[in-house]
Amino acid sequence: MTGSRGSVTIEDVARHVGVAKGTVSRVLNNYTDISSETRERILKAVKDLGYQPSSTARSLKRGRLDTLGIVMPVGRGRGADPFLSEFIDGIARALDDLDRDLLVTTAHSGRHMLETHERLIARRKVDGFILTRTEVNDPRIEFLQARRFPFVAHGRTSDPRTFAWYDIDNADTFVSGVKHIAALGHRRIGLVGGPRDLNFACQRRAGYRRGLELCGLEVDPALEVEEPLTEVGGVEGARRLLGLHMPPTALFCVTDALAIGAMRLCRDLGLRVGEDVTIIGYDGLPVGAYVDPPLTTFSQSAQSAGGQIARMLIDVIEGTEPAQRQKLAQAELIRRASDGPPAKTPEELAQVLRRSV
């Protein structure tokens, strides 16, 4: 056998069969001017020798790199985001099946984010971008549309009509969540929200308020806080809400990370999560099933979302009209042990909290 598996060249295949290198190339590129007998001999040699055509050469021939890019936001007090870790894993798994690669880098500010996208385009590093944590008015989308460069957004903006996106019906989910909490008997429901510039955080806040109205409950801005999307943010958000003169008996958190932080504070204060205070998250992260008590959450599969978005972006790169690749999915309530009827009234809860300080 000529060469070794993993290092076989097209020249090795041609020498093995006794034909010109160009003949092998024409067979591999599906030209029809080669006799069936020669074609079969070449394909058999390719299989027997373990020849793998160069992905770089194939990409250059098609004018593509077979690489998608994602620029992760860091800084701005947001810290590590476990949802995005699961999301990227879903993208990478899908691309592995599709014989494509993922380039991941970071940006520490809005300006640096745009500069990074521009640099990757100028240096021809990627075929398209996946955008995460879309803003209400997102400059990345305007930038990429102006350059006619392919992208798919995970999340919508204030005007999502003209680009490809995958999103969860955030507002409807939070309406359902508030109804669920109210049906348990809670009348003061706090919201541990995220930064106001993030579109999903705005959608979830709007759903929370709409849910209160539909349940005949007061919309009280004092029961809403905004925090970085981290466990530390959840600790601080819960501390602010439980420190009110009339604290909420339930906390609805816009991410699981915030909910897990809120649970930690409650335990530190001697409160029983699921009895003294109900806590519900949003994301369905696997870790939620293993905290104490297990977290009730609205589940959206980060891995599944990443995989679907990767495939949507490949469609856009290959010529599908972006506006034809838009998907709105639903989240599912996963009930565990962190929610239940209130064991205490807000007044009784306030008394317990004053004694614990």
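Me: Which strands and helix do the buried residues of H9 pack against?

Reply: They pack against strand E5 (164-168), helix H8 (170-183), strand E6 (189-193), strand E7 (224-226) and strand E9 (278-283). Contact means heavy atoms within 4.5 Å, and buried means under 20% relative accessible area, exposed over 50%, partly exposed in between (1.4 Å probe, protein chains only). This is a predicted model, in which local features need pLDDT of at least 70 and side-chain atom pairs count only at pLDDT 80 or more, while totals for chains, interfaces and linings use all residues. Residues are numbered from 1 along each chain as its sequence is written, and side-chain values use heavy atoms, with hydrogens and water left out.

Me: How do you know that the span of helix H9 agrees with its number of residues?

Reply: The expected span is 1.5 Å times one less than the number of residues. For the 16 residues of H9 (residues 199-214) this gives 22 Å, and the end C-alpha atoms are 23 Å apart, which agrees.

Me: Why is Cys 215 called partly exposed?

Reply: Its relative accessibility is 30%, so Cys 215 counts as partly exposed.

Me: What makes Cys 266 buried?

Reply: Cys 266 has a relative accessible area of 0%, and is therefore buried.

Me: Why is there no bond between the sulfurs of Cys 266 and Cys 253?

Reply: A disulfide is a pair of cysteine sulfur atoms within 2.5 Å. The sulfur of Cys 266 is 9.0 Å from that of Cys 253, its closest cysteine sulfur, which is too far for a bond. A search of the whole structure finds zero disulfides.

Technical notes. Helix = DSSP H or I, 4+ residues; strand = E, 2+ residues; numbered from the N terminus.
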